[in-house]
Amino acid sequence: MQITAGTLVGPYEIVEQLGRGGMATVFKARHTVLERDAALKFLDLAFLEDPEFVKRFRHEARVIAGLDHPNIVPVFDFSEHEGLPYLVMKFVEGETLKARLERGKLSTAHIAEMVQAIGDGLSYAHEQGVLHRDVKPSNVLLGKDGSIYLSDFGLARMAASAQSTLSREFMLGTPQYISPEQARSEPNLDARTDVYSFGILIYELLVGQVPFDADTPISIIHDHLYSPPPRPSAKAPETSEDVDRVILRALAKDKKERFATVDEMVEALRESMQAVWPSTAAPSTATTLPRHGEPAETWQAGAPAEEWPGETSVPAEAIQGVLECVQGPSYPLLSDRMLIGREDPRRGISPDIDLTEAEPVDPKTGHRRRTVHREQAWLERKEHGWTIKVLPGMEKRARLNGQPMAADLEYVLQDGDRLKFGAVELILRR
C-alpha cells in the first residue's frame, strides 16, 4: 500500500510525509470538513505479521488517547486504512528536540525548562499507569509557539509485544537510551525504566552527547549493562557535583538504586540548578473578591479580603462578572475580551486571566503542577452575554458543564456555568 500526497484516509487528505522511523511513518494531513491539520502516524506493515496485533493496537490506542496533559501530544483518534493501523494526533508546527540539538547545545535555563516540561508529562502518564518506554530527543516535539510535547507514548509497548520481525529488531532501534532492564527483556517494567532513559536525555542536554555510544548497537547495550557512565562534569566542566550525583543516580544499573519516580528526580535536579530553574509558583495576579456578606464598594487587585478597601482599588461597578475558582482565587472580568491561560514570562505570554495560582500543588514536590495551556481560551462579552471559545489544539483539556468543548466554536455562557481547563475548575458569576 502506498500513501502519497492527495491520498484520502477517512476524513483526512494526506498533505506530505513528515518523517519515517523504525516503527512508523508520519504524515501531515488535512481534515476535509473541519479544514484543520493533523498528524497521522501509520505503523509499519511488518506489525501485521502478528494476527493479534490489531487487537492490542486498539487497546493501547485507547489508553494513549486518554492521556490529557499540556506536555503530551494529544491523540484525537485511531483507525485503520486498508488494514493498516494509524493514530490521529495534534499537528505540531516546529521541530524535534533531536533536530534542535544538532544545531548545538541549549542554554542552561532552557535545559531546565525542557526537563521540567518533559518531567511533568512523564509523571502525569505514570500516574495514569502508562509508561513511555522510548524517551529520547526524537520523541520530544518543540512547537514554534514555545510548547514542549512528549510524543509516541505506548508505541514501544506495541512494538515489543508484537510477534513480528520488526519487534525483534525494535530493541536495537535506539540503543543509546535503552534501560538495562529493557536490554535484558525483563517483564513488568515500571517508572524507573523511564527514569533511566530520561536521565540519558538530560545527560545529553547537559553534555552535548550521550554517555554511551559505539560502532554497533550490541556494544552500546553492553555499556548500558556493565559500564559506569562518565560523570557529566568530566565532559562539561561547568556541571556541578550536585548535578553529577543526580544524573548518576538516575543512571544506576540496578533500578532499585535509581529515583523511584520522575518527580523525585526532577526535584533533585531542580535543587541542584536553582539559579536557572523556571519558576512554577509565580506571585498571583488574580484578584481576591470579597466574601459573601462583606462590603464590595472597592477592592484591591491581589489583596486578601481582610485588607479591603485598599489605597489602590478598582470600583465595584467596573466588574462585569467573576470567574470563581472552586479551589483557589477568583478572577474579576474587567474587559469585554480576555485571554484565559497560564503566564510564561520567558515566552512573553501574559494572559488576562492567569490560572497559575489556581493550579493544584503536587504533594510530592510542593510545587504547582502545570495542567492549563499557556493560551487556553478567549472569554468575550457580547450583547447576549459572555461567550467562551477554545483555541485550536487546546480543546482536549477544556470542559463546559462536564462536556468536552470543540475548538473555534463559540459557547454562550449562563450564570453558574462551570468551566474546566486541565485541573482548574471555574464557575461564572454575573
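Begin by selecting the second largest pocket, which has a volume of about 630 Å³; a pocket here is an open set of points on a 1 Å grid over the protein atoms alone, with protein on both sides within 12 Å along at least five of seven lines, and lining residues have an atom within 4 Å of a point. Its volume is the space filled by probe spheres set on the points, which are joined across faces, edges and corners. Of the 31 residues that line this pocket, Lys90, Phe91, Pro392, Gly393 and Met394 are the closest to its centre. Strand 3 (24–31), strand 4 (37–43) and strand 9 each supply at least two residues of the lining, where helices (H or I, at least four residues) and strands (E, at least two) are DSSP runs numbered from the N terminus.

Before going on, note that this is a predicted model, in which local features need pLDDT of at least 70 and side-chain atom pairs count only at pLDDT 80 or more, while totals for chains, interfaces and linings use all residues. Residues are numbered from 1 along each chain as its sequence is written, and side-chain values use heavy atoms, with hydrogens and water left out.

Next, select strand 9 with its sheet, an open one in which 3 strands follow the order 7-8-9 with antiparallel pairing; two strands pair if DSSP finds at least two bridges between them. The edge strands, each pairing on one side only, are strand 7 (94–96) and strand 9 (148–150), and the twist averages 25° from one strand to the next. Strand 7 is joined to strand 8 (residues 140–143) by 3 bridges, and glycine 94 has glycine 143 in strand 8 as its bridge partner. Now add helix 3 (residues 108–127), which packs on the sheet, touching strand 8 and strand 9, and whose direction makes about 40° with that of strand 9; contact means heavy atoms within 4.5 Å, and angles run from 0 to 180 degrees between N-to-C directions, with axes fitted as lines to C-alpha atoms, for helices over the stretch in contact.

From helix 3, turn to the largest cavity, with a volume of about 170 Å³; a cavity is a set of points where a 1.4 Å probe fits but cannot get out. Its lining has 13 residues, of which Gln116, Asp120, Asp263, Thr365 and His367 lie nearest the centre. Helix 3 and helix 11 (262–272) are the elements that give two or more residues to this lining, and helix 11 gives the most, with 4 residues.

Follow the chain into the loop between helix 11 and strand 10 (298–299) and select alanine 275. Is this residue buried or exposed? Alanine 275 counts as exposed because its relative accessibility is 81%, the classes being buried under 20%, exposed over 50% and partly exposed in between, for a 1.4 Å probe and protein chains only. Alanine 275 and threonine 108 are 167 residues apart in sequence, yet 9.8 Å apart in space, C-alpha to C-alpha.

Finally, select helix 7 (residues 191–207) and helix 10 (residues 241–250), whose axes come within 8 Å and cross at roughly 145°. The contact is made by Val195, Tyr196, Gly199, Ile202, Tyr203 and Leu206 of helix 7, together with Val243, Ile247 and Ala250 of helix 10. Keep helix 7 in view and add helix 8 (residues 217–226), in which Ile220, Ile221, Asp223, His224 and Leu225 are buried; helix 6 (180–183) and helix 7 are among what covers these buried residues.
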